Amino acid sequence: MALPVFYYPYNYQGSATILLEGDLVKHIVQVLRMKPGDLLRLTDGKGTSADAMIKSITKKSCEINVSNVERHEPSRPRLHLGLAFTKNASRNECLLEKATELG
């Protein structure tokens, strides 16, 4: 089973202890029913992710130990073209021609 991933936009480093609070803890404790010793993953949304283990849980906070921080390079964006062909064949041909020219 994959680790649950949580958005944590603040700076974190390897072998650090972080105290989580607020809605994030509510989701971890009440929704997912995670317990001390469970693993999770944090991400800042900018290419950095970290594996962490829950150290202790209270009603409003959760202390975790960060064990592995990774920096991921951004992937090359891809283009997806969605279209609905029309009855006018010349417009369809023009669209396909221009899309082919753009690569």
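# Close-up views of a predicted model

**View 1. Helix 1 against the sheet.** Helix 1 lies across strand 1, strand 2, strand 3, strand 4 and strand 5, and it runs at about 90 degrees to strand 2. The model shown in this and the following views is a predicted one. The 5 strands form an open sheet in the order 1-3-4-5-2, with mixed pairing. At the edges of this sheet stand strand 1 and strand 2, each of which pairs on one side only. From one strand to the next, the twist averages 40 degrees.

**View 2. Strand 3 and its two partners.** Strand 1, which covers residues 5-7, pairs with strand 3 in the parallel sense over 3 bridges, and within this pairing Val5 has Arg41 of strand 3 as its bridge partner. Strand 4, by contrast, pairs with strand 3 in the antiparallel sense over 5 bridges, and here Leu39 stands opposite Met53 of strand 4. The hairpin of strand 3 and strand 4 has 4 residues between the strands, and in this hairpin Gly45 takes a positive phi near 80 degrees. Along strand 3 the side chains alternate, in that Leu40 and Leu42 point to one face and are buried, whereas Leu39, Arg41 and Thr43 point to the other face and are not buried.

**View 3. The largest nonpolar core.** This core has 17 residues, and those that touch the most other members are Ile18, Leu20, Ile28, Leu40, Leu42 and Ile64. Two or more residues are given to the core by each of strand 2 (17-21), helix 1 (23-31), strand 3 (39-43), strand 4 (48-57) and strand 5 (61-71). Around Ile18, once residues up to four places away in sequence are set aside, the residues touched are Tyr8, Tyr12, Leu42, Cys62, Glu63, Ile64 and Val66.

**View 4. Ala52 between strand 3 and strand 5.** Ala52 is found in strand 4, which is joined to strand 5 by 9 bridges, the two strands running antiparallel. The bridge partner of Ala52 in strand 5 is Val66. Ala52 has a relative accessibility of 2% and therefore counts as buried, since the cut-off for a buried residue is under 20%. Apart from its neighbours within four places in sequence, Ala52 is in contact with Asp38, Leu39, Leu40, Ile64, Asn65, Val66 and Ser67. Thr100 follows 48 residues away along the chain from Ala52, and the C-alpha atoms of these two residues are separated by 46 Å.

**View 5. Leu3 ahead of strand 1.** Leu3 lies in the segment before strand 1 and is partly exposed, with a relative accessible area of 31%. When neighbours within four places in sequence are left aside, Leu3 is in contact with Leu39, Leu40, Arg41 and Asp51. Although Leu3 and Leu42 are 39 residues apart along the chain, their C-alpha atoms are separated by 9.7 Å.

**View 6. The aromatic pair of Tyr8 and Tyr10.** The count of aromatic pairs in the model comes to 1. The ring centres of Tyr8 and Tyr10 are 5.2 Å apart and the ring planes stand at 75 degrees, so the pair is edge-to-face, a class that requires planes over 60 degrees apart. The two partners differ in exposure: Tyr8 is buried, with a relative accessible area of 13%, whereas Tyr10, at 54% relative accessibility, counts as exposed.

**View 7. Arg33 in the loop after helix 1.** Arg33 lies in the loop between helix 1 and strand 3, and the residue is exposed, with a relative accessible area of 63%. Most residues other than glycine have a negative phi. Arg33, although not a glycine, has a positive phi of about 55 degrees.

**View 8. Cysteines and the second helix.** A search of the whole structure finds 0 disulfides. Cys62 counts as buried at 0% relative accessibility, while Cys94 counts as partly exposed at 39%. Asn92 lies in helix 2, which covers residues 89-102, and Asn92 is buried, with a relative accessible area of 13%. Beyond its neighbours within four places in sequence, Asn92 is in contact with Phe85 and Thr86.

Methods. Residues numbered from 1 in each chain as written. Predicted model: local features only at pLDDT ≥ 70, side-chain atom pairs only at ≥ 80, totals over all residues. Heavy atoms only, no water. Buried < 20%, exposed > 50% of the residue type's maximum accessible area, 1.4 Å probe, protein only. Contact = heavy atoms within 4.5 Å. Core = buried A, V, L, I, M, F, W, Y, C linked by side-chain atoms within 4.5 Å. Phe/Tyr/Trp six-rings, centres within 6.5 Å; stacked < 30°, edge-to-face > 60°. Pairing = 2+ DSSP bridges. Disulfide = S-S within 2.5 Å. Axes fitted to C-alpha atoms, helices over the stretch in contact; angles between N-to-C directions.
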